[in-house]
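This report is meant for a reader who is meeting the structure for the first time. It may help to keep the view open while reading and to find each named part in turn.

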Protein chains: 2
Amino acid sequence: MPKYLSRKAKSITPYTAGAQPKAKNIIKLNTNENPYPPSPATLEALSGFDGAALRLYPRPDGGELRATIARTYNTDISNVFCGNGSDEVLAFAYDAFFDGDIMFPDITYSFYPVWADLFDISYKLLPLRDDFTIPIEQLKANGIVLSNPNAPTGIAIGLSEIETVLKSNKDYVVIVDEAYAAFGADSAAPLVASYPNLLVVNTLSKSHCLAGLRVGYALGQPHLIDALMSIKDSFNSYPLDSLAQKIASAAISDSQYYESIAKKIIATRERAAEKLSSFGFNVLPSGANFVFVSHSAFAAKDIKAYLESQGIYVRHFDLPRISNYLRISIGTDEQMDALIKTVDEFLSK
Amino acid sequence: MPKYLSRKAKSITPYTAGAQPKAKNIIKLNTNENPYPPSPATLEALSGFDGAALRLYPRPDGGELRATIARTYNTDISNVFCGNGSDEVLAFAYDAFFDGDIMFPDITYSFYPVWADLFDISYKLLPLRDDFTIPIEQLKANGIVLSNPNAPTGIAIGLSEIETVLKSNKDYVVIVDEAYAAFGADSAAPLVASYPNLLVVNTLSKSHCLAGLRVGYALGQPHLIDALMSIKDSFNSYPLDSLAQKIASAAISDSQYYESIAKKIIATRERAAEKLSSFGFNVLPSGANFVFVSHSAFAAKDIKAYLESQGIYVRHFDLPRISNYLRISIGTDEQMDALIKTVDEFLSK
């Protein structure tokens, strides 16, 4: 009965998230979750939370979490915006800053074109080079969205390249999505003070082992944050729930634990990358908590199917240019050993 | 630097939520929070939650909470949609079902016109009668939004009136927002099976003492729920956070506690209404957890200012037709006694 739907609801094609299989005892390397639990201090914030306080609304100004993020980045709350995951933050940013003719790479987070369609914002895709690096000097439009490191390639760019993009798009907002930056890219956060067109977006899903809590944030100059608040307050009257704010605040304050986890994941990634390379895989240089790999002799789909038959989930995107690649999240050393052993089994069959 | 903002960000006027004062020892009767804590079973869901599980994303299909709501309403998950508070659910519903020319009363939840502006949906306001009842037979447009009981008046309508609206708007979606229904209106949920154009929206903020958790939901036939999912999945890739889902599920399953709390609040409301009437207030008949009152001899603003000076917060809307009314949330008996005493002080000055 399509007669009840708006024109938009009839026309949009939603984003599809990676599967969350219900089976136990699987090895889940398909959605870039962190294999380690949140820190003890984070879990204490949960267990110490006064549930009776849930009867009250959270403070509309974003309260505790916003203040904690500001403190962590040594900045003011007027530079901080929080949302229900970085996806929500990015959605608001599209709505707040873009009217059309924006640009992002042809191979990047597959939600970028979905938001453009949702808000009826026209966009151009900038083709990555054959080695999947970004031709930075060609990024020029009425709004730019960049993931650094890029996903699903994992390739990071430096701050000088980010500055090049900011300078050549002076009159438009450049969004730098740093969901994976903790695993191998310099954050552009220190550039916020110098560039009125920079919005840095981050999430606690990967770096802070809190994918289930749905917390993201943005850093930018107050005129950008105010616009995000304006859109948010026209959409949902309150910020993140009080409990998520409390837990996220504790996580963000506990940088030592999360930095050590990131180091561990980077070491596991490098070991896994080396092993997969030795099997004949092309492994793109990754600054993220995943590797993006392709084998010249075997189809990505077949490898994925075999892994899945053995209870190991990885992600495959059936998209132009990358349909023979697999994105493999970095798990624990044990999980990666199991992955490598199973890939080896497949290749030796 | 407005040059960075989208046309929309430059033009919208956000909704303003009631204040959440930081001071302690105040009596907060301004945002319709429930004065009682969540039930013991709800708090056990919080204390028993395995924080380590937060490293994983919630299941994209809405998982546990959706299933619990379906079970509670004796229906299927295909009839249920969940969101970050009923505000988010309502925002998605506007986007999914309305293209323009919708209608809602001139005096109602002040977020309704804000969503219309956000999504560029034209609307007509239906003037309430002088006694603030809705001229039901005049509700005819390309989409209807009704709050039942209405806010901030508190006046409820019956299911037969809801059916009249559904029948005279057969080809368009009718949203019935039941945020306050637990305190004195029949839910339209049982009508969902018979009316393909009905979307019932509810929240756990008031009835389930969980304003701080930001959980809302909608009930409708699958073609409506699918459209909501489509819009949501084009906006944010995951549902409510796992912890909120767990706690909300426990709350919804514990109907006995919350029904007894609602009864208590209704009894307190009737007592307070009687007392305020005896002071010369016009107290509208309320089916909600607040009363909407006006005094012929004293200005609402002055009463509010005096109450606030005594640490008691109530809500005043500086809007046409209701600028001499105050909306007073129903607190505990003790809180209402303090309110009544303070109002009496003011009137006797």
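Two strands are said to pair if DSSP finds at least two bridges between them. With that in mind, a place to begin in this predicted model is an open sheet of 3 strands in chain A, whose order is β9-β10-β12 and whose pairing is antiparallel. The edge strands of this sheet are β9 (281-283) and β12 (325-329) of chain A, each of which pairs on one side only, and from one strand to the next the twist averages 30 degrees. Between β9(A) and strand β10 (residues 290-295) of chain A the antiparallel pairing runs over 3 bridges, and within it A:N282 stands opposite A:S294 of β10(A). Helix α10 (residues 300-309) of chain A lies across β10 and β12 of chain A, and it runs at about 35 degrees to β12(A).

**A buried strand**

Elsewhere in chain A, is strand β7 (residues 198-203) enclosed by the rest of the structure or left open? Of the 6 residues in β7(A), 6 are buried, so the strand is largely enclosed by the rest of the structure. Both of its faces are covered, since A:L198, A:V200 and A:N202 on one side are all buried, as are A:L199, A:V201 and A:T203 on the other.

The strands that pair with β7(A) include β6 and β8 of chain A, and the table sets out these two pairings together with the one between β9(A) and β10(A) described above.

| Strands of chain A | Sense | Bridges |
|---|---|---|
| β6 (residues 174-177) and β7 | parallel | 4 bridges |
| β7 and β8 (residues 216-219) | antiparallel | 4 bridges |
| β9 and β10 (residues 290-295) | antiparallel | 3 bridges |

In the pairing with β6(A), the bridge partner of A:V174 is A:L198 of β7(A), while in the pairing with β8(A), A:T203 stands opposite A:G216.

Residues of β7(A) also appear among the contacts of A:A93, which, leaving aside residues up to four places away in sequence, touches A:I175, A:L199, A:V201, A:A218 and A:L228. The largest nonpolar core has 251 residues, and the members that touch the most other members are A:A93, A:I144, B:A93 and B:I144. In soluble globular proteins, nonpolar side chains tend to be buried together.

**How the two chains meet**

Chain B is superposed on chain A by a rotation of 180 degrees with 0.0 Å of shift along the axis, at an RMSD of 0.0 Å. The two copies are thus related as by a two-fold rotation axis. Which residue of chain B comes closest to the rotation axis? That residue is B:S47, whose C-alpha lies 3.0 Å from the axis.

Where the chains touch, 71 residues of chain B are in contact with 71 residues of chain A. On the side of chain B that touches chain A, the elements giving two or more residues are α1 (7-11), α2 (40-47), α4 (85-97), α5 (112-118), α7 (222-232) and α8 (242-253) of chain B. Of these, α4(B) gives the most, with 7 residues. Sorted by class, this side of chain B has 41 nonpolar, 16 polar and 14 charged residues. Because 100% of the interface residues of chain B are also interface residues in chain A, the copies meet through the same surface.

**Details of the backbone**

Some points in the loops deserve a closer look. The peptide bond from A:N148 to A:P149 is cis, with omega near -5 degrees, and A:P149 has its place in the loop between β5 (144-147) and α6 (159-168) of chain A. In chain B, a cis peptide bond joins B:A151 and B:P152, with omega about 5 degrees, and B:P152 is found in the loop between β5 (144-147) and α6 (159-168) of that chain.

Positive phi values in residues other than glycine can be noted as well. In A:R214, phi is near 55 degrees, and this residue lies in the loop between β7 and β8 of chain A. Is A:R214 buried or exposed? A residue is buried if 20 or more other C-beta atoms lie within 10 Å of its own, and A:R214, with 32 C-beta neighbours inside 10 Å, therefore counts as buried. For B:N25, which is not a glycine, phi is positive at about 60 degrees, and this residue is found in the loop between α1 and β1 (27-28) of chain B. B:N25 is exposed, because 5 other C-beta atoms lie within 10 Å.

Methods. Residues numbered from 1 in each chain as written. Chains lettered and ligands numbered in written order. Predicted model: local features only at pLDDT ≥ 70, side-chain atom pairs only at ≥ 80, totals over all residues. Buried ≥ 20, exposed ≤ 12 C-beta atoms within 10 Å, placed from the backbone. Least-squares fit on C-alpha atoms with pLDDT ≥ 70 in both. Contact = placed C-beta atoms within 7 Å. Nonpolar A, V, L, I, M, F, W, Y, C, P; charged D, E, K, R; others polar. Axes fitted to C-alpha atoms, helices over the stretch in contact; angles between N-to-C directions. Core = buried A, V, L, I, M, F, W, Y, C linked by C-beta atoms within 7 Å.
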